[in-house]
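Biologist: Hey, got a minute to walk me through this one? I'd like to get my bearings before going back to the bench.

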Amino acid sequence: YIDSRFRGNDKSGITFIEVILVVAIMLTISVMTPTFYSRFLLQNSVVTTTDQLVGSLRKAQIYSMMGKENSQWSVNYSGNTITLFLGTTFAGHNAAFDETFSVPSNVTFNPTTFDVSFARMSGTQSTSVTTVTVSSGTNNKTITLNAQGVVSK
């Protein structure tokens, strides 16, 4: 004996409510994605820029301590560009030795422009800049330079 409930009533598929539920979930995810992605990009640009500035400062200090090209080395920030350069003043420096890094337009620095020089052989900082803040939106990173030339973030 076969129950009549199972005879000829093989209906498979999805209901209208299931379709509406899936569409609602997909719509919610697609609305939230740009917010999370833009926040990720802002955080990433601050971290990348901070790492690049710290790397340039440390490289300038090492080059100065080595006496590379028999000179001091410095780092300049202006016009959304970080530049590692030979010498102590950015004006009139020899651009052939420059190492530059473009800063994304959504990233700002405080101070807005600066030069950091390191003394030849000792590597001590010979400028008055002690902190640099890298910002984008609500994301901030602070870089500290002490008188001995130690760079920390």
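Modeller: Sure. Bear in mind that this is a predicted model. Helix α1, residues 16-66, lies across β1 (73-78), β2, β3 and β5.

Biologist: What angle does α1 make with β1?

Modeller: Helix α1 runs at about 155° to β1.

Biologist: OK, and the sheet: in what order do the strands come?

Modeller: The order is β3-β2-β1-β5, an open sheet of four strands with antiparallel pairing. At the edges sit β3 (99-102) and β5 (114-118), each paired on one side only. From one strand to the next, the twist averages 15°.

Biologist: How many bridges join β2 and β3?

Modeller: Four bridges, in the antiparallel sense, with β2 covering residues 81-86. Across that pair, T83 stands opposite T100 in β3.

Biologist: Switching topic: which residues touch the most other members in the largest nonpolar core?

Modeller: That core has 24 residues, and the ones touching the most other members are L53, L57, F109, F114, V132, I143 and L145. Two or more residues each come from α1, β1, β2, β5, β6 (131-136) and β7 (139-145).

Biologist: Which element gives the largest share?

Modeller: Helix α1 does, with six residues. As a general point, nonpolar side chains in soluble globular proteins tend to be buried together.

Biologist: I143 caught my eye. What does I143 touch?

Modeller: Leaving out residues up to four places away in sequence, the contacts of I143 include T50, L53, V54 and L57. I143 also touches T130, T131, V132 and V134, as well as V151, S152 and K153.

Definitions and conventions
Residues are numbered from 1 along each chain as its sequence is written. This is a predicted model: local features need pLDDT of at least 70, side-chain atom pairs count only at pLDDT 80 or more; totals for chains, interfaces and linings use all residues. Side-chain values use heavy atoms; hydrogens and water are left out. Two strands pair if DSSP finds at least two bridges between them. Axes are lines fitted to C-alpha atoms, for helices over the stretch in contact, and angles run from 0 to 180 degrees between N-to-C directions. Contact means heavy atoms within 4.5 Å. A nonpolar core is a set of buried Ala, Val, Leu, Ile, Met, Phe, Trp, Tyr and Cys residues joined through side-chain atoms within 4.5 Å. Buried means under 20% relative accessible area, exposed over 50%, partly exposed in between (1.4 Å probe, protein chains only).
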